Amino acid sequence: MYIGQSLKDVIQWPRPICPPAVRVQSKWSLEYGMPSTHAMIAVAIPMASILFTVDKYNVS
């Protein structure tokens with residue numbers, strides 16, 4: 001998560017424009033949008049499973 005938050009500061013993609021709706025919390029609109037938490041977890045879980053199982057099993 002620390003790496004992802006620092007990547008947000010490096011990449012600095014803005015969040016998509018919200019449809020006309022009432023924003024309950026405006027602090028989230030000030031933060032950059034990408035890479036999102038979903039994108040970070042989508043990369044972290046498969047990579048962690050590969051890294052932690054590569055030495056346990058004999059897979060070519």
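Trainee: Which residues does UniProt list for "transmembrane region"?
Mentor: Residues 36–54, and that comes from an unreviewed entry. UniProt positions are given here in the numbering used for this chain, feature names are shortened, and annotations may be inferred rather than shown by experiment.

Trainee: Okay, and what sort of model are we looking at?
Mentor: A predicted one: local features need pLDDT of at least 70 and side-chain atom pairs count only at pLDDT 80 or more, while totals for chains, interfaces and linings use all residues. Residues are numbered from 1 along each chain as its sequence is written, and side-chain values use heavy atoms, with hydrogens and water left out.

Trainee: Back to 36–54. How much of that span is helix, and how far apart are its ends?
Mentor: The span is 89% helix and 0% strand, and its end C-alpha atoms lie 27 Å apart.

Trainee: How many helices and strands does the whole chain have?
Mentor: There are 2 helices and 0 strands. Both kinds are DSSP runs numbered from the N terminus: helices are H or I with at least four residues, strands are E with at least two. Here α1 covers 2–11 and α2 covers 37–53.

Trainee: What share of the chain is buried?
Mentor: Buried residues make up 8% of the 60 residues. Buried means under 20% relative accessible area, exposed means over 50%, and partly exposed is in between (1.4 Å probe, protein chains only).

Trainee: Take Lys-8, then. Is Lys-8 buried or exposed?
Mentor: Lys-8 counts as buried because its relative accessible area is 4%. You'll find Lys-8 in helix α1.

Trainee: Which residues does Lys-8 touch?
Mentor: Leaving aside residues up to four places away in sequence, Lys-8 touches Arg-15, Glu-31, Tyr-32, Gly-33, Met-34, Pro-35 and Met-40. A contact is heavy atoms within 4.5 Å.

Trainee: New topic: the loop between α1 and α2. What's unusual about the phi of Gln-12?
Mentor: Phi of Gln-12 is near 55°, a positive value in a residue other than glycine. Gln-12 sits in that loop and is partly exposed, because its relative accessibility is 43%.

Trainee: And where does Trp-13 lie?
Mentor: Trp-13 is in the loop between α1 and α2 too. With a relative accessible area of 49%, Trp-13 is partly exposed.

Trainee: What about Pro-16, buried or exposed?
Mentor: Exposed, because Pro-16 has 71% relative accessibility. Pro-16 also belongs to the loop between α1 and α2.

Trainee: How far is Pro-16 from Met-34?
Mentor: In sequence they are 18 residues apart, and in space 9.8 Å, C-alpha to C-alpha.
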